[in-house]
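The paragraphs below lead a newcomer through one protein model, step by step. Please keep the sequence and the 3D view at hand while reading.

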Amino acid sequence: MQTIDTSKLRFIDLAQKIYPVEGEIAPDDYVRLVLEEALVWPLKTYGSYVDDTVYQVVKMKTHVKTHTESPFHLDRKGPALSEFAPETFFGRAVYFYFDVGADAIITREMIEKADNGRLKKGDIAIIHTAWTPEQGGEKPEILKDGGQYFLDKGIKYFGQSECLSIFRN
């Protein structure tokens, strides 16, 4: 087992808040709520039958807010998350911020310039842009050659915020 000295690391919480849906959900609302990536089942509180403790149950789909995609999500022949070692999701990360708005294209050249030699083999790459849903338009997009740059660098993990698309082209 690998031991990690956390005193030498900075932890960044990338989680987004999840808000439970109030009350019961009409069958016709499930599709809308799933598309909005909302928590679609109400939070339930239960009292223990053994002692005085209380617990809550949350049911949600796996594709909501901050989450990890597995190759299986896009291709049933790909590995599921359970097939990855926990070390895959921890380690040295390089944060890339692109000050671009709606309909922008992030090119390989832009990524190379932002990287400036920081990204090493085995690193995690985290991408964020200035786009927000309030701006309208399409999310900025990384083209295939930009994705290939990260593969060529030998990263072990790619993370992105909800303000980026990698699926359009």
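Is β5 largely enclosed by the rest of the structure, or largely open? Of the 6 residues of β5, 5 are buried, so this strand is largely enclosed by the rest of the structure. Here buried means under 20% relative accessible area, exposed means over 50%, and partly exposed lies in between, with a 1.4 Å probe and protein chains only. The names of elements such as β5 follow DSSP runs, numbered from the N terminus, with helices being H or I runs of at least four residues and strands E runs of at least two.

Before going further, the reader should know that this is a predicted model, in which local features need pLDDT of at least 70 and side-chain atom pairs count only at pLDDT 80 or more, while totals for chains, interfaces and linings use all residues. Residues are numbered from 1 along each chain as its sequence is written, and side-chain values use heavy atoms, with hydrogens and water left out.

The sheet is a good place to begin. Strands of a sheet pair through backbone hydrogen bonds, either parallel or antiparallel. In this model an open sheet of 3 strands follows the order β3-β5-β7, and its pairing is parallel, where two strands count as paired if DSSP finds at least two bridges between them. The edge strands are β3, covering residues 93-98, and β7, covering residues 157-160, and each of them pairs on one side only. On average, neighbouring strands of this sheet are turned by 20° against each other, direction ignored, with axes taken as lines fitted to C-alpha atoms (for helices over the stretch in contact) and angles running from 0 to 180 degrees between N-to-C directions.

The pairing can be followed residue by residue. Strand β5, residues 124-129, pairs with β3 in the parallel sense over 6 bridges; Ala-93 stands opposite Ile-124 in β5, and Phe-96 has Ile-127 of β5 as its bridge partner. Towards β7, which runs parallel to β5, there are 4 bridges, and Ile-127 has Gln-160 as its bridge partner in β7.

Phe-96 appears again in the nonpolar interior. The largest nonpolar core (a set of buried Ala, Val, Leu, Ile, Met, Phe, Trp, Tyr and Cys residues joined through side-chain atoms within 4.5 Å) has 15 residues, and those with the most contacts inside it are Phe-96, Ile-111 and Phe-150. Two or more residues of this core come from each of β3, β5 and α4, the last of these spanning residues 144-153. The largest share, 3 residues, is given by β3.

Charged side chains make further links. A search of the whole structure finds 4 salt bridges, each defined as a side-chain nitrogen of Lys or Arg within 4 Å of a carboxyl oxygen of Asp or Glu. In one of them, the side chains of Arg-92 and Asp-123 meet at 2.2 Å, N to O. This pair links distant parts of the chain, 31 residues apart, with Arg-92 in the loop between α2 (71-74) and β3 and Asp-123 in the loop between α3 (108-115) and β5. Arg-92 is partly exposed at 46% relative accessible area, whereas Asp-123 counts as buried at 4%.

Helices α3 and α4 are also linked by such pairs. The side chains of Arg-108 and Asp-152 meet at 3.2 Å, N to O; because Arg-108 lies in α3 and Asp-152 in α4, the pair ties together parts that are 44 residues apart in sequence. Arg-108 and Asp-152 also belong, with Glu-112, to a network of salt bridges. In another salt bridge, the closest N and O atoms of Asp-115 and Lys-153 are 3.5 Å apart. Asp-115 lies in α3 and Lys-153 in α4, so this pair ties together parts that are 38 residues apart in sequence. Asp-115 is buried, with a relative accessible area of 0%, while Lys-153 is partly exposed at 26%.

Two loop residues deserve a look for their backbone angles. Asp-103, in the loop between β3 and β4 (105-106), has a phi near 65°, a positive value in a residue other than glycine. Asn-116, in the loop between α3 and β5, has a positive phi of about 50° although it is not a glycine, and at 64% relative accessibility Asn-116 counts as exposed.
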